[in-house]
Amino acid sequence: MRFFNVFMWGLVCFFHMSHSFKGVMAFHKVSKHLQNIKATEISEDHRTGYHFQPKQNWINDPNAPMFYKGIYHLFYQYNPKGSVWGNIVWAHSISQDLVNWTPLDPAIEPSESFDQFGCWSGSATVLPDEKPVILYTGIINEDPKPGYQVQNYAIPENYSDPFLTKWIKPSDNPILKPTKETVSAFRDPSTAWKLNGEWEMTIGSKVDKLGISYLYRSPDFINWTLVDHPLHQKENVGMWECPDFYPVSTTSDKGLDTTVIDGDIKHVFKVSLDLTRFDCYTIGKYDTNQDKYIPDEGMIDGWAGLRYDWGNFYASKSFFDPSKSRRIIWGWANESCNQDEYVRKGWAGIQLIPRTVWLDPSGKQLLLWPIAELETLRDQNVQLSNLVLKQGDKVEVEGITAAQADVDVVFTIPGLDKAETYDTKWDEIFPTETLAENICQIMGTTVQGGLGPFGLLTLTSKDFEEYTPVFFRVFNTPNTKRKVLMCSDAMPSTLNNQEYKPSFGGFVDVDLADNKISLRSLIDHSVVESFAAGGKTIITSRVYPTLALGNNAHLHLFNNGTETITIESLNAWSMKKPQMN
Ligand code: DQQ
């Protein structure tokens with residue numbers, strides 16, 4: 001391993017941080033001059049093949065996903081007039097399999113005094129007798145920034161319509177108004193649950209830097225009162241957007257409805273951290289006596305804690321799918337380029353592949369895995385087994401459409417004693433929040449270790465001018481516990497230096513006792529979603545190759561560590577294009 005002195009670490013850290021925050025888009029950033037420019041031509045270069053996208057324009061948060069009378073519904077934040085954020089309505093698409101989607105007219109649009117400046121995020125709850133209701137945030141004034149926020153409800157016009165085509169906004173809206181302190185930080189009502197015969201739900205907020213998840217209670221879903229304490233709160237984390245609160249089973253990988261509040265369960269509390277644009281969660285207990293959420297001991301509440309995804313993934317929303325007894329998470333990935341580029345392309349934003357979520361048997365983290373239905377898109381298949389990768393080897397995976405693929409690999413590593421030593425200086429130099437990505441950034445794929453870097457080179461151009469590597473490094477630490485680092489690095493992904501090219505990283509909590517580690521990557525033109533060790537650590541990168549486009553993209557396996565790695569098995573598929581809006 002190369003020697004880096006403290007000065008250099010400091011420099012790298014500085015560059016990294018400044019680079020990293022470039023990607024933290026100021027949201028609710030109003031660009032009046034751009035928000036009504038509708039593109040006449042849509043740039044296809046980086047549009048995805050099998051991810052959720054409308055035909056054009058801006059999208060952000062997934063809203064109120066639900067399963068109703070055999071149909072999956074996805075609503076999402078959408079600008080019908082342009083490809084930057086603004087003019088926000090609830091667009092609506094339906095599906096029978098979460099893979100093929102048909103667009104309907106927007107379900108909720110600004111029209112009344114209680115939402116005339118925007119219909120922001122919210123959630124669905126299915127009330128008894130199969131009666132869905134949506135709670136959403138209405139913007140009633142654009143001042144103070146980012147808007148004066150109230151909560152509204154909407155109900156289907158016709159409950160017997162499985163497509164839920166039309167939604168009514170009753171005239172007793174708004175049903176909740178902010179306090180003086182929270183007028184512009186009072187949004188994103190959650191799915192409700194029941195406690196002692198009453199409905200409860202939570203709303204994201206902040207006071208100064210205190211993140212707050214306010215708790216509301218209602219006997220009838222219309223008249224809500226603020227409970228005298230929040231469901232949860234945390235200092236120094238900033239605004240909590242899109243709070244999500246749900247039970248997970250401790251005995252099974254099946255999902256649970258939010259109304260389950262006791263038994264062999266734990267609760268998950270997820271928030272989208274506005275300051276850093278990451279979705280972080282803790283696992284804990286819903287104390288029904290105190291009516292409070294209490295994270296388990298050892299859980300880190302905030303940016304340094306657990307994340308659904310260590311890359312570009314935000315404003316997620318989960319729902320319980322009763323047809324398959326599973327809980328599914330939808331998350332949004334924004335673009336990494338600038339707003340002028342969105343306008344030129346005529347579109348911005350995708351929804352990531354829905355992920356089934358359940359509790360890891362350790363009880364210490366969640367596991368997230370692409371929904372099984374995605375596999376119906378698998379087409380041409382290539383398989384490899386017992387392939388040896390020596391130091392410096394690169395092997396092309398040929399025979400599939402490398403720009404639109406699903407790849408599943410199991411790597412076998414030799415004795416762990418050859419792993420490089422973890423440099424404990426890193427713990428002092430880098431903040432815990434960015435430690436993994438900082439190490440990924442300074443080591444990249446070229447700094448040689450013992451076990452690693454090894455993994456995939458996705459979206460590779462013919463002569464490797466561009467590639468998006470997804471890879472592992474294994475470290476021995478002084479206390480003999482291994483550290484396994486996973487990286488997804490957009491830095492070499494494009495020759496276009498205007499793009500934001502973050503190197504993302506996360507640690508994978510595995511002991512490698514069986515000397516194996518798996519990696520699945522969903523590659524789709526401008527997005528690479530990668531799942532390590534069966535969904536323990538996930539990283540999504542958005543990338544914009546200039547050469548590795550369409551049929552000119554390639555896929556390779558590589559090993560730049562001194563120790564030989566074996567590909568125990570590789571399965572790669574070309575992915576078909578579903579019906580997409
Ligand atoms: N996006 C919505 C808000 C939410 C934010 C507005 C999260 O309701 O807090 O489009 O990305």
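This report describes the surroundings of a ligand and then a buried strand, β21, in a predicted model.

**The ligand and its shell**

The ligand is surrounded by 13 residues, and the closest of them are Asp61, Gln77, Arg187, Asp188 and Glu241. By residue type, the shell around the ligand comprises five charged, four polar and four nonpolar residues. Several strands contribute to this shell, since β1 (57–68), β5 (119–127) and β20 (314–321) each supply at least two of its residues.

Three contacts between the protein and N or O atoms of the ligand are set out below, each with the part of the residue that takes part in the contact and the distance.

| Residue | Part of the residue | Ligand atom | Distance |
|---|---|---|---|
| Asn60 | N or O atom in the side chain | oxygen | 3.0 Å |
| Asp61 | polar side-chain atom | nitrogen | 2.8 Å |
| Ser121 | backbone N or O atom | oxygen | 3.1 Å |

On its own the ligand has 310 Å² of accessible area, and the protein covers 100% of that area. Asp61, whose side chain contacts a nitrogen atom of the ligand, is also listed among the closest residues of the shell.

**Strand β21 and its partners**

Strand β20, which supplies at least two residues of the shell around the ligand, is joined to β21 by six bridges, and the two strands run antiparallel. Within this pairing, Tyr314 has Trp332 in β21 as its bridge partner. The hairpin formed by β20 and β21 has four residues between the strands, and Ser325 takes a positive phi near 45° there.

How many residues of strand β21 are buried? Eight of the eight residues of this strand, residues 326–333, are buried, so β21 is largely enclosed by the rest of the structure. In a regular strand, side chains alternate between the two faces of the sheet. In β21, Arg326, Ile328, Trp330 and Trp332 point one way, whereas Arg327, Ile329, Gly331 and Ala333 point the other way, and all of these residues are buried.

Beyond the hairpin, β21 also pairs with other strands. Three bridges join β21 to strand β24 (residues 355–359), and these strands run antiparallel; in this pairing Arg327 stands opposite Val357 in β24. Strand β23 (residues 350–351) pairs with β21 over two bridges, again in the antiparallel sense, and here Ala333 has Ile350 in β23 as its bridge partner.

Key: Residues numbered from 1 in each chain as written. Predicted model: local features only at pLDDT ≥ 70, side-chain atom pairs only at ≥ 80, totals over all residues. Heavy atoms only, no water. Near = heavy atom within 4 Å. Polar contact = N/O pair within 3.5 Å; in protein donor to acceptor, adjacent residues only side chain to side chain. Areas by Shrake-Rupley, 256 points an atom, 1.4 Å probe, with all protein chains shown as cover. Nonpolar A, V, L, I, M, F, W, Y, C, P; charged D, E, K, R; others polar. Buried < 20%, exposed > 50% of the residue type's maximum accessible area, 1.4 Å probe, protein only. Pairing = 2+ DSSP bridges.
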